Amino acid sequence: MLSVVRKMTVVVLIVTLVITMTPAAFAGTSLTDNEKQTIETEPVQDDNVVKNEKTCKTATVKATAKSSGSAAGYLASMIQNGQPAEIDISQYRVSADTSSVKRLYEDMLNSNPQLFYVGSTVGWTQTSSGYVKTIDPQYKMSRSKIAAATKKFNSAVNDCIKTIAPGSNDMQKALQVHDYLVLNAKYMKCSMQQTAYGVLVDKKGVCQSYALAYEYIMNKLGIETTYIASSSMNHIWNMSKINGRWYQIDVTYDDPTSDKMGRVSHKYFMKSDSAMRSMGHSWNTKSYACSSGKYNNAFWKKVKTGVFKQGKYYYYVSPKGKLIRKTISSGRTKTIKLPQSRWYVWGSHSTYWNWTPTIAKGKKGIYVNTATGIYKVKGSKTKRVKKIRKSSKGYVYGIKIVKGKLTVAKSKNPNSHSAQKLSKIKGTY
């Protein structure tokens, strides 16, 4: 029997194709039934994001066309249900040529971010009629480790979903998932974290990790979401269908670098194609047109903190540092007074004139920080619940609440991420 080994680099969502064949592959000998072939894949280790200083090594990429949907879905379900190898897909009559198997495998991985443990090498056998008989995926970890990692992954997904305010519509869910990922994960240049597991469990990753995590959670919420790929930007992001219209969402570009606690941009959230092009985005192919500009100039466009929904209101900090309560139904806004707080330049009487508070939502409500205190929002007022004493670590420049536990970021210089000192505050918030 003739053994043919084909090699190519395949990355979920971002693909660099290199195919090499043994000389015998060109000899004209046809494969017989069940002879096994393999694609050995090696993921590109980083993406090259131009904006926001998210730069790293470059790689040639192209968008992946989705195909063989039913076969990909069946393959994913068999893997997820515990059949690890030699999965018979002959009933789908998938052509056994390398490009067809490649498209099938990419489709399966791209559409199923929960299969983060599936490796980048796949083997297959073919029938005498030239169709794939069996697929033999390779895995990054043992079965016992897969079970443990999947438990962590599902728990992380549920942690995100639990933060969504009751009664939220699809647009509001999209906003809350966007903010959750940015506020709880950190963009890492040249990170090996390329799966949804990276951003959700390890809280770090590259654009691929952000896009897969957003895609998975949104689809789990019943909101149709897919991805967009760009070879010129070496970058991928998402598009979601909200109220029958598609919008582009780039979670990665909305995560500031260097990472700053409590800070999230909304510049690339719920945008039309034309708006994204005007900001420098380009793409190879994408599934749907995003023609609606309904949210291009939404109130969150310049907001640099989380936008939290509670009851009939949104809460956020305006670009001018004002704590805002916005009535969802009418759009009316009210400024909630905060004690005057200045962030002094360390060791000086000068102040950072443009620094603003951050805001967080916990189990017990909405909280906001000043340079030396934590305040809880109560109606249209605030009440101090924790005084943060000035120390050698600096002033409070950001806050975050995870599962009711408050963390503050203190620093002498707000522009230096590496200088931030994190402190956990006792109590439930």
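The chain of this predicted model has an average pLDDT of 83, and 82% of its residues score at least 70. Two stretches fall below 50: residues 1–34 and residues 40–68. This briefing covers the confidence of the model, its largest pocket, two open sheets and a hairpin.

**Confidence along the chain**

- Residues 1–34 keep a pLDDT under 50, and the model gives this stretch 96 contacts beyond four places in sequence.
- Residues 40–68 also have a pLDDT below 50, with 108 contacts in the model beyond near neighbours in sequence.
- Where pLDDT is low, predicted coordinates should not be read in detail.

**The largest pocket**

- The space in the largest pocket amounts to about 610 Å³.
- Its lining consists of 26 residues, and those that lie nearest the centre are T163, Y180, K361, G362 and I401.
- Sorted by class, the lining contains 12 nonpolar, 8 charged and 6 polar residues.
- Two helices, helix 3 (143–162) and helix 4 (170–184), each supply at least two residues of this lining.
- Strand 12 (308–310), strand 16 (359–362) and strand 20 (395–402) likewise each supply at least two lining residues.
- Helix 4 gives the most to the lining, with 5 residues.

**The open sheet of strands 16 to 19**

- This open sheet holds 4 strands in the order 16-17-18-19, and their pairing is antiparallel.
- Strand 16 and strand 19 (381–387) are the edge strands, each pairing on one side only.
- From one strand to the next, the twist averages 30°.
- Strand 18 (residues 373–378) runs antiparallel to strand 19, and 6 bridges join the two.
- Opposite K378 stands K381, which belongs to strand 19.
- Strand 16, an edge strand of this sheet, also contributes to the lining of the largest pocket.

**The open sheet of strands 12 to 15**

- A further open sheet has 4 strands in the order 12-13-14-15, again with antiparallel pairing.
- Its edges are strand 12 and strand 15 (333–336), each of which pairs on one side only.
- The twist in this sheet averages 30° from one strand to the next.
- Strand 12 and strand 13 (residues 313–317) run antiparallel and are joined by 3 bridges.
- Q310 has Y313, in strand 13, as its bridge partner.
- Strand 12, an edge strand here, is also among the elements that line the largest pocket.

**Strands 3, 4 and 5**

- Strand 4 (residues 118–126) pairs with strand 5 in the antiparallel sense over 6 bridges.
- These two strands form a hairpin with 5 residues between them, and G130 in the turn has a positive phi of about 90°.
- Strand 5 (residues 132–139) also pairs with strand 3 (residues 87–88), in the antiparallel sense and over 2 bridges.
- I135 of strand 5 takes part in both pairings: I135 is the bridge partner of W124, and I87 stands opposite I135.

Terms used
Residues numbered from 1 in each chain as written. Predicted model: local features only at pLDDT ≥ 70, side-chain atom pairs only at ≥ 80, totals over all residues. Heavy atoms only, no water. 1 Å grid on protein atoms, 1.4 Å probe; cavity = no way out; pocket = protein on both sides within 12 Å on 5 of 7 lines; lining within 4 Å. Points joined across faces, edges and corners; volume = space filled by probe spheres on them. Nonpolar A, V, L, I, M, F, W, Y, C, P; charged D, E, K, R; others polar. pLDDT = per-residue confidence, 0-100. Contact = heavy atoms within 4.5 Å. Pairing = 2+ DSSP bridges. Axes fitted to C-alpha atoms, helices over the stretch in contact; angles between N-to-C directions.
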